[in-house]
Amino acid sequence: MRAALTWRDKAEQCIYDLAFKPDGTQLIIAAGNRLLVYDTSDGTLIQPLKGHKDTVYCVAYAKDGLWSPEQKSVSKHKTSSKITCCSWTNDGQYLALGMFNGIVSIRNKNGEEKVKIERTGGASSPIWSICWNPSRDERNDILAVADWGQKLSFYQLSGKQIGKDRMLNFDPCCVSYFTKGEYILLGGSDKQVSLFTKDGVRLGTIGEQSSWVWTCKVKPDSNYVAVGCQDGTISFYQLIFSTVHGLYKDRYAYRDNMTDVIVQHLITEQKVRIKGRELVKKIAIYKNRLAIQMPEKILIYELYSDDSSDMYYRVKEKIVKKFECNLLVVCSDHIILCQEKRLQCLSFSGTKEREWLMESLIRYIKVIGGPPGREGLLVGLKNGQILKIFVDNVFAIVLLKQSTAVRCLDMSASRNKLAVVDENDTCLVYDIHTKELLFQEPNANSVAWNTQCEDMLCFSGGGYLNIKASNFPVHQQKLQGFVVGYNGSKIFCLHGFSMSAVDVPQSAPMYQYLERKMFKEAYQIACLGVTDTDWRELAMEALEGLEFETAKKAFTRVRDLRYLELISSIEERKKHGENNNELFLADVYAYQGKFHEAAKLYKKSGHENLALDMYSDLRMFDYAKDFLGSGDPKDTKMLKKKQADWAKNINEPKAAVEMYLSAGEHMKAIEISGDHGWVDMLIEIARKLDKAEREPLSKCAFYFKKLDNPGYAAETYMKVGDLKALVHLHVDTHRWEEAFALSEKHPEFKDDVYVPYAQWLAENDRFEEAQKAFHKAGRQSEAVKVLEQLTHNAVVENRFNDAAYYYWMLSMQCLDIAQENEQQKTEMLQKFHHFQHLAEVYYVYHSIQRYTEEPFSFHLPETLFNISRFLLHSLTKETPLGISKVNTLFTLAKQSEALGAYKLARHAYDKLQGLQIPARFQKSIELGSLTIRSKPFHDNEELVPLCYRCSTNNPLLNNLGNVCINCRQPFVFSASSYEVLHLVEFCLEDGITDEEAVALIDLEAPALNKGENKWQEMMTDRILLTKIYDDPFTAKLSFEQGGSEFVPVIVNRAVLQSMSRRDVLIKRWPKPLRWQYYRSLLPDASITMCPSCFQMFHTEDYELLILQHNCCPFCRRRVDESNQ
C-alpha cells in the first residue's frame, strides 16, 4: 500500500472538519469562520461560503433531512459534560456522544440514554473522536472510540467492549471509516494520517504533515483520502493497494484485508484463510510450502499432508527479523530474498547460506522445480540477461542475453524452450540449447507454457488471450487480465485482484496438427481438453490416415464401439499378414457412409464381392445391379435373395414371397406365407412343388395344420407319401375315425394312434374307453400310471368318493393285466385285492368326512354308526393316506352315544385321548368324554350284529375285523347302509365248474308240500334263530358251525340243484379270478347286486340311489349300460 498526493491547498486558518458530498464530486472544508467548497477531481476551489461569525468546528452534508419530519422543532437534552463528538448508527436509530469527561453516551433518536460507557482514565482521557462502522455485513453495530488517553477502543451497541484497548502513542483528533468499513483512518498529534484495519491493526502512514491533523475523511466508495491540518493545509491522497500474491501450479495465495492470506485451489475452488494481525508485505508459495512476510518477521507454513487436495497449513518455521526486499521466493528448505541486484538464500532458521549479485536490476524470478534443497531459479534482469541459479550453487548460469529488458519468463516442461516477454510487449521464444530465437509474437504482457504439453504456450495482452502450438499461427480469443499459468486446458488468469481458472478448448491447435497429418501430436493436444465433436473429428482423420493406434484411443474417448470393432478387426487381419491398405481404407469409407468411394476401392483391390455385400446389406439393390452389370448368375440369384430378405425386414411380405420364389428359396417363401396365414399362397406353392421336394412340402403341411386346414395338410402328406405324419395329423386334430382306418391298413401305426387316443380319453374323464384304448395299444402300464396319478390327486384334494372310484378302476385294470400277462399275474392279483380294499375304504370314509366337515348330515345315525364300525374294523393293519382315525372314532363315539351303545362310545372316546385332536373337535370330545361317564357301561342289544351262518351275536367292537368271532365267516355288508346282509358265501366242490354250477342252480327243484316246506321261528334273547327243515344247505351250515379256523361252506351238485335261482347271488369275476357264490337266508328280503362292481345293496336302497345318481354309487355304472 502506498499513498500518492493528488492535490494540495492551504487555507489561512485551522481546518477543524471536512465533508464529502454523497456522490464524492465536492469537498466542503471548515476553515475558521468560512466554508470552502473544492472540486475533488483537481482541487479547484469552487466557492467560499461566508455567513458564520465564529469558528466553524463541524460540517456535514445532509442525506435525508435535518430532523424527523414528525417533530415540529429540534429537541434539546442536557448532558453531564461537554460533548466533543457524535455519530449516528447506520439505521439512524441510535446516536453515540463522546464526552470530555471520558464517558460515551448512546441514546435513541428521542434523546433517551440507553447505554452509558464509563472508560478507565475518566476526565484525564477525554473522548475526542468516535465513529460507527458503516458496514452492513457486520452482525452488530460497532463503535470506534479514540481518546486523549492515546487509546483506540471498539464497542458494541450494548456497551460491551470488543477486544482490548490499543495504544496509539499520540493524541487522536479524528477517526473515520472507509465506506464499506474495511479500514479506519486516524490522525492527530503525530502529524500524520495512519491507516488501520477495522480491528485496529496499524497498516501504514498516509502522508506526513507539518502540523497536527484535525480531520481526515474518505471519499465515498473510493480509495481517495482528504486531510485537514492545524496550519490550514488541505491534502488529497490516492491510496494504491498493490496485489500481494503468489502462484504455484493450481494453488494461488493472495492478501486479503491487508492482514490475512487466502490460499485458493484453482481447480477445486477450495479456499482457506490464514488470519494475521500484522500487515502482509510479501507472499510466496511452492509445492507444500507457503511463506508470508510481515513487517518484523517471516512465517513459513507447510501442508498437513501430502494429499494434493489438502488445504490445511500449519506453521513450520518463524524467522523473527526485519527484511527489506522487492521479491520473495520460497523453496522446499530455503527462502530467496531479492533486493534490486542482490539475491540472498536463507535457511528456514534465518541463516544466510548464499548470495548472488547481478549485473542489473532483477525484474523477474521464478522457481522452476528440482530436488528439495537443490531447486532451480529462473531470473530475468533489466539488461536482458536471463540466468538459471541453483540454490545450492554459488555460480549463476547465463542462459541467454537479449537486448531488451525482461518483464516475464517461463520455461517449458522439458526445459528445452524459454519464453520471454520484454519491455516492448514482445513474446520471444528461444531454444535453450542452441540459443536460437524460434519465433516472436507482439502484444504480450505475460506468458506461460503448458505444463502438460511441450509445444504449447499462451500469452496475454491487449485484451486477448493468444494460444500458440508449435510453429502454427496464433489462435486468439478475448480475455481480460494477465496469464500466470497454463495447465492442460485450464489457463490461470489474474484480473484486478482476483485469480480465476479459465477452461480453454484446445480445438484450434488440434486442427492445426490435423491439417499436417500429425496425428500423435494432435492426440496429445486433445488430451488437454477438447469437445466430443473434436475428439470424433480426430478419430475420423486418424482412421482415414490409417493411424489406427491414435484412432482407437480417440474412439475409446467418445465410446464409439462400432468403429472400435472395425479397428480391432483390421488389427487382427494385420496380425495374420494382411497388409492391403486400400482394402482397409475401403472398410473405413464403408463405415463412414462413403459407399461409392468404398466400392471403387473394393474393386481396385480385387474384392468386388465385398462391394456387392455392402450394397446388399444397405438395401441399395439398384446400385448393386449397376455394379454387378451382366455378371455371374449365382451373384444375381444371391442378390435377389438379399433383396427378398430386405423386403421381409421392411414389412413387405408379399413382395418378399415373390422374390424368394423367383430366387428358388421355397422354404423362406413358405415360412412367410405360413406366418401371415396365406393359405391360398401355400396351396399354390404346394401344388407347384415336385413330390421329391419333401422338406418344403412338409413345411407346407405343417402350416396347413397350424392354420386349421387339416384337409390340405392331409393332401400334402399324401403327395409326399409321409403316412406317419398323416397319422400324427389325424391324432393331433382328433380325427380319430381317419386315424383308426389308417392304423387298420397299416398296423405299424397302432401305437401312434391308440396311445394318444387313450390319453385324450383319460383327459376327458372317459376312463373306461381310455383303458380299452391303452389295452388296444398294449400300454397297460401307462393306463395304470394315469389312474394312479388321478387317484393320488383325488386323495390329496379330499375327493374321497372320486378316489374310491379311481381305485376300483385301478383294481379292474390290474385284473385285466393279470388276465393277459401270465408273468405279472400274481403281482397284479395282489394289487387287485389291495385296490378293491382301498376303494371300499375310501368309499365309506367319504360319508364320515362329509359328516365331520359339513354342517348337516346326509345319513341316518344307524348308517353312520355302521359305516364307522366297518371302517374301524377295516383299518386293523394300516391307515391309508388321507383317512383320519380321529374323524372315524369321533363319528363312532357320537353315533354310539346317540344310539345307546355307551360302552362302545366310551371305548371310542378313550381311543381319541391318545390321538392328536384338531382344535375344532377338542371341546366336543372333552365334553363327550365327561358325559359318557354318566351313562351305563353296556351297549344297546338291538345294535349287536348277528352272524347268519352260525347265528352268533358278535360284539360291536370286533378284534378280528369284519368276520364272525365264532365261525370266522366274513360278513357281507350292504354298500349303502352297511348293515350285515343275510348272505352266506359258499364254495363249489372240486370238479364242479362255474358253468355247471349255474346250470344246476337254474334247474327247478321238485315242488314240496306246503306242510313240509314251512318255517318255524323262535325269538330267544332277541336273537333270531331260523331253521329250515329238509334244506341241504342249512344242514351244511349246522355241520360246520363252531370251528376255530375259518372253514368255508362247500356244496355238492345235490345241494346246488336244491337251491332256488332267486336265493343265490353270483359275483361273476373275470379270469383268472373264480366266481363267488352267496346264498340268501331270508329270500323274502330282496337284495340287489351291481352287475359291474358286484357290491350288494338292499333293493329299496339301490333303487333310491339309482334315482339320485342315475348310476351305481360305487362303480358309477350307468343304468342304461348293458350288463357285463
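Which residue in β4 is the bridge partner of Ile28? Hang on to that one, and let me set the scene.

What we have here is a predicted model, so local features need pLDDT of at least 70, side-chain atom pairs count only at pLDDT 80 or more, and totals for chains, interfaces and linings use all residues. Residues are numbered from 1 along each chain as its sequence is written, and side-chain values use heavy atoms, with hydrogens and water left out.

Okay, the overview. The protein chain has 1124 residues, and 48% of them are buried. Buried, by the way, is under 20% relative accessible area, exposed is over 50%, and partly exposed is in between, using a 1.4 Å probe and protein chains only. In secondary structure, the chain comes to 30 helices and 55 strands. Those are DSSP runs numbered from the N terminus: helices are H or I with at least four residues, strands are E with at least two. The accessible surface is about 56700 Å², and carbon and sulfur atoms own 48% of that. That area comes from the Shrake-Rupley method with a 1.4 Å probe, and for residues only the protein chains shown count as cover.

Now, contacts, meaning heavy atoms within 4.5 Å. Of the chain's contacts with a separation of 6 or more, 44% are between residues 24 or more positions apart.

How about confidence? pLDDT is the predictor's confidence in each residue, from 0 to 100. The protein chain averages 82, with 84% of the residues scoring at least 70. Among the elements, strand β19 (residues 224-229) has the highest mean, 94, and strand β49 (residues 1015-1020) the lowest, 34. Over residues 1007-1030 pLDDT stays under 50, and the model has 24 contacts beyond four places in sequence for that stretch. Where pLDDT is low, predicted coordinates shouldn't be read in detail.

Back to the opening question. Ile28 has Val37 as its bridge partner in β4. Strands β3 (residues 26-31) and β4 (residues 34-39) pair antiparallel over 6 bridges. Two strands count as paired if DSSP finds at least two bridges between them. They belong to an open sheet of 4 strands, in the order β2-β3-β4-β5, with antiparallel pairing. At the edges stand β2 (15-20) and β5 (45-49); each has a single partner strand, so one side of each has no neighbour in the sheet. Ignoring direction, neighbouring strands here are turned by 20° against each other on average. For angles, axes are lines fitted to C-alpha atoms, for helices over the stretch in contact, and angles run from 0 to 180 degrees between N-to-C directions.

Next, a hairpin. β6 and β7 make one with 5 residues between them, and Gly92 in the turn has a positive phi of about 70°. The two strands, β6 (residues 83-88) and β7 (residues 94-99), run antiparallel and are joined by 5 bridges. Ser87 has Ala96 as its bridge partner in β7.

There's another open sheet of 4 strands, in the order β21-β22-β23-β24, with antiparallel pairing. Its edge strands are β21 (245-248) and β24 (271-274), each pairing on one side only. The twist averages 15° from one strand to the next.

Inside that sheet, β22 (residues 251-256) and β23 (residues 260-265) pair antiparallel over 6 bridges, and Arg251 stands opposite His265 in β23. Is His265 buried or exposed? It's buried, because its relative accessible area is 5%. Setting aside neighbours within four places in sequence, His265 contacts Asp250, Arg251, Gln270, Ser308 and Met311. His265 and Met311 are 46 residues apart in sequence but 7.9 Å apart in space, C-alpha to C-alpha.

In the loop between β22 and β23 you'll find Asn257. Asn257 has a positive phi, near 55°, in a residue other than glycine, and at 33% relative accessibility Asn257 is partly exposed.

Last stop, helix α26 (residues 919-931), which holds Ser929. Ser929 counts as buried because its relative accessibility is 13%. Its side chain makes a polar contact with the side chain of Gln913, at 3.0 Å. A polar contact is a pair of N or O atoms within 3.5 Å; within protein, one must be able to donate a hydrogen and the other to accept it, and residues adjacent in sequence count only if both atoms are side-chain atoms.

One more oddity before I stop: a cis peptide bond joins Lys1071 and Pro1072, with omega about 5°. Pro1072 sits in the loop between β52 (1064-1067) and β53 (1076-1080).
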